[in-house]
Amino acid sequence: MATERREDPTTDRRTEYDYTSDDVDRPALVADLERVVSGDVRFDSYSRELYATDASPYEVTPVGVVFPRSTGDVVGVMEYCAARGIPVLPRGGGTSLAGQSVNRAVVLDFTRYMNDVLEVDPNERTATVQPGTVLGTLDERLAPHDLKFAPDPAWGDKSTIGGAIGNNSTGAHSLQYGKTDVYLEECEVVLADGTVTRFGEVSVEELRTRADPNGDLEARIYAEVARILEEEAGTVAEAYPDLKRNVSGYNLDQLVAEAHGDLLPGGEQIDEAETVNLARLLAGSEGTLAIVTEAIVSLESVPETKAVALLCYADLHDAMEDVAPILAHDPAAVEVLDDVLIDLARGTSEFGPVTEMLPEGTNATLLVEFYAEEDEAGQKKVAGLLADRCPTAEPVAEPRDDFPHTDVDPLATEALEAYDEAERTQLWKLRKSGLPILLSRTTDEKHLAFIEDTAVPPESLPEFVERFEDILESYDTYASFYAHAGPGVLHIRPLVNVKSEVGLDQLHGIADEATDLVVELGGSVSGEHGDGRARTQWNEKLYGKQVWEIFRSLKTTFDPDWLLNPGQVVYPEGEPTDLRENLRFGPEYDFDTDFESVLNWENDNGVQGMVELCHGCGGCRGEQSTTGGVMCPTFRASREEITSTRGRVNALRNAMNGNLDSDDPFSDEFVEEVLGLCIGCKGCAIDCPSEVDMAKLKAEVTHEYHQRNGASLRDKFFANVETVSRLGSATAPLSNALESLPGGRWLLERTLGIAADRPLPTFRRKTFCDWFEARETPSNLTADRKAVVYPDTYTNYSHPKAGKAAVRVLESAGVEVAVPDRLGDTGRPAFSKGFLEYARETAKKNVAALTPWIEDGWDVVMIEPSDAVMVQTDYLDLLSNEAIEQLAANAYGVCEYLDRFRLDESIRFDVGDERLTYHGHCHQKATRKDHHAVGVLRRAGYAVDPLDSGCCGMAGSFGYEAEHASMSDAIAAILYEQVKASDGDQVVAPGASCRTQLEGRPGAERPPTPIELLAAALA
Ligand SMILES: Cc1cc2nc3c(=O)[nH]c(=O)nc-3n(C[C@H](O)[C@H](O)[C@H](O)COP(=O)(O)OP(=O)(O)OC[C@H]3O[C@@H](n4cnc5c(N)ncnc54)[C@H](O)[C@@H]3O)c2cc1C
Ligand code: SF4
Ligand code: SF4
């Protein structure tokens, strides 16, 4: 399971990294904390900067970071800090959007050790979990019982139960399920003085019995809660808006409603009157009242079936008008997408095809999802909705006779229906297209989160949107409107440049006026993401002075010295939280790359644009089993923030803006701890919503490192692997025998740092080029395509079999094939190792050699995926001219070539009933070319199980490097688990590195490439 902690790669004696820097702040404090904590204590500069950001626009460097192993550790930290007046901040995945998970405090990161599902009770439908448990992991554990934790925040595969409690999180299906608070049965907590206690349901009577305003902290808390219920219930009930979703301020309306037997906020029914659940008071408290160390949560059944309708509108205002009538149909979700996002999605390769489903004239959509017991019931619900809201549509089913008639004029122009999972996923994909597009801007103007989750009653949405647009216009900016229209929560991220004073004024002015608007319309400034640094300042305006003072009183009772995440939700008299303070970027922000870049960064607004692109969402912290994709294998292997893309790019930004040591990012330590562990898989370039390209940044910075400090012998060796292989081939079999000389590998590890336990490639005396030259060209080549097969280093000198297979398959499709023998390598190893001038010279040479072929109508076909991607994309970063663009556009991976031109359709294959497990190469996945081989293999007759796998961990030379071998193994272990879970009879993988790694599985053979399998199956 994902909660299991794989062996830490640093336990290998050869590793030289420990995820930290050597300069430790406040060593005496560290020593003291280490005495009271069995977990890890990190106050080094890297760790502190890594925990200075979350998914918000804020940045606050913490005092230090502690990874507690137990409640006892939390008590130790809390008692120590309380005695010295040091603030403490509990933290989960750090995916908060309002800045509530950064503070000048000792950060307690629960995700490292306190991340277990302790117990699942399917009968009681409860789970007992530690706060660092990721929600996706919890759901994995619950799946066999057909149960789930119902609140479904969009980032639930990266965010934790502690964070869900802290922010009172919920997601697209809040109409059905409400927020986290109603699922909290009981919590173990550490209070501000270090007391451990449990909060759960108590009768109001018992609450009064346990209350003592002069007693210990716990008794004082009971007294304060009893006082609020007695003296302030009316004020609270009046001041809180009646919304399904409001997470601003403390959860007092829930408390009051429970005690008085009223309906819960948003209309949910109460089980028992005259009882309150103090655990639920912690929901949405953003770590400011107590630290949760364990939670018992109630669970819901996984719905049997889902049905989706996508209603299309001429404009956003029509869509907003339609939300309230749609709610009469009792949907589980109603999600909006506006014209700004639909237009942006149309222009992207990923979402463009999805938008093609939309009827012409669609400028806004509402996605409506229903849950049902069986398929037919779901279809009938959709039919009822369409009969009422889009009568021109012709649904697949008949509605029930009693479907709701709203008597409101229908506004939807057309509707799409989706019932099977693939269709539903397509429609949800369109809805979710917004964020990545908005967040990929590399300019100083960014779509910022600061009023991104306002909530209003759904019937006020049309007026709200219209008046919000006026506010934005008056500040000379714009935003898109998307997300949870059903409960009235819209995501709105205005385009603002906070590096300018004008931007700061916009930030404050827009937030101020937006608050006035939501107050007027009976809404809330936060319906989803919490107060944090962005919205705490508006709580007084939202709730009024009296409730604000209740907040202060409650906070002071729980936390007399205001040490728990101070400044969030409520602030003390005279110390206001201002949304313009502590921004990551501001007018004073300084950044200097301090070197001339070599690569082409034009589309990225320079190196700076790329380094500042990460918005901190934590998307690179998702596990393979829950998030899938490629990003980020090193985090998945180590679960260390510094090994995530976010960690790396944050460290790089801090190095370049002067927050770290002046030597960084070109110090040995920085290269070892931050850059060296990035395996250059390019996963982030595709899977990160902002498309942060860490592999490219690494190549650039490593190049500069070489300029300043020189390169190691091993790096030069790997960068020149073409020369090494040519020599190896020329002297084979002698060269191959060297490996088995006694002590040979030991010596190689000692001298060059090449891991002794890794099998080295075997060199062939007769190269692929030799073979091709010696053969006769068949005469029956009738296809209208001609292909130069590129003899890449590995294929040519070590594995001619794949090249031969490619030639045979292509010729079977009638393609004329040529293999020029003087091309050399593509420059991939030099590029990856940061020898960019050398890579550029190699690229130039290859462009010069291949251009005449291309001009003569030949295509270029590559065998090794990483070489293919080098030519197709990385060359464009090295060179800018027409010839390089022409080469990139005419270069294909071999299966891509077959698939793209359907060349395989003219070939007869004789395939048995063998089922294949396919592991694609990460560079192919990063360039969306992974599906080609699967398509061709399937058409040839194979049943294929394509793994949603990441990088294999070998990553060119990375797995051969002695100090990185254990990290490589840890990454490989993830792939091995996936292969084991697949029902394929045979594994197939196109990449040489991947096949070496897959061969390392116990008892496994080296997998073939897809092209070899296809050649073997030629009829
Ligand atoms: C792309 C994206 C999409 C998102 N979508 C949603 C969404 O659909 N719905 C939604 O609600 N949110 C959403 N969020 C916001 C965020 O992911 C959620 O609020 C999430 O639940 C936070 O969890 P976390 O583990 O990252 O918590 P963190 O950010 O680490 O912490 C959140 C708060 O909880 C407190 N906290 C953490 N652990 C504890 C503990 N043990 N005891 C007490 N307090 C604690 C922290 O101090 C902090 O104030 C989204 C964020 C992003 C970046
Ligand atoms: S690197 Fe990308 S996925 Fe990771 S935190 Fe930054 S923006 Fe999010
Ligand atoms: S290139 Fe790969 S290893 Fe490096 S940061 Fe990106 S996803 Fe992680």
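The buried residues of helix α12 are covered by several elements, including β15 (333–337), α13 (352–355), β16 (364–372), α16 (434–438) and β19 (481–483); contact here means heavy atoms within 4.5 Å. Helices (H or I, at least four residues) and strands (E, at least two) are DSSP runs, numbered from the N terminus. This is a predicted model, where local features need pLDDT of at least 70, side-chain atom pairs count only at pLDDT 80 or more, and totals for chains, interfaces and linings use all residues. Residues are numbered from 1 along each chain as its sequence is written, chains are lettered from A and ligands numbered from 1 in the order in which they are written, and side-chain values use heavy atoms, with hydrogens and water left out.

**Helix α12**
- Within α12 (residues 339–346), the buried residues are L341, I342 and A345; buried means under 20% relative accessible area, exposed over 50%, and partly exposed in between, with a 1.4 Å probe and protein chains only.
- These residues sit on the same side of α12 because they cover an arc of only 100 degrees around the axis, the arc being that of the directions from the helix axis to the C-beta atoms.
- At the N-terminal end, D338 acts as the cap of α12, with a side-chain oxygen 3.2 Å from the backbone nitrogen of V340.
- A polar contact is a pair of N or O atoms within 3.5 Å; within protein, one must be able to donate a hydrogen and the other to accept it, and residues adjacent in sequence count only if both atoms are side-chain atoms.

**Where α8 meets α9**
- The axes of α8 (residues 217–239) and α9 (residues 252–260) come within 10 Å and cross at roughly 100 degrees; axes are lines fitted to C-alpha atoms, for helices over the stretch in contact, and angles run from 0 to 180 degrees between N-to-C directions.
- That crossing makes α8 roughly perpendicular to α9, where angles of 65 to 115 degrees count as roughly perpendicular, under 35 as roughly parallel, over 145 as roughly antiparallel and the rest as oblique.
- From α8, V225, I228, L229, A233 and V236 meet L252, D253, L255, V256, A259 and H260 of α9.

**Two buried threonines**
- T20 belongs to the segment before α1 (27–36) and is buried, at a relative accessible area of 11%.
- The side chains of T20 and D18 share a polar contact of 2.8 Å.
- Setting aside neighbours within four places in sequence, T20 is in contact with R42, D44, Y46, S47, E669 and E673.
- T557 is part of helix α21 (residues 545–558), and with a relative accessible area of 15% T557 is buried.
- The T557 side chain reaches the backbone oxygen of S553 at 2.8 Å.
- Not counting residues up to four places away in sequence, T557 touches L217, R220, I221 and E224.

**Backbone features to check in your viewer**
- Most residues other than glycine have a negative phi, and most peptide bonds are trans.
- W562, not a glycine, has a positive phi of about 50 degrees; W562 is in the loop between α21 and α22 (606–611) and is buried, with a relative accessible area of 14%.
- V569 is found in the loop between α21 and α22, has phi near 70 degrees, and is buried at 0% relative accessible area.
- The M631 to C632 peptide bond is cis, with omega near -15 degrees, and C632 lies in the loop between α23 (624–627) and α24 (633–638).
- The peptide bond from A732 to P733 is cis, with omega near 10 degrees.
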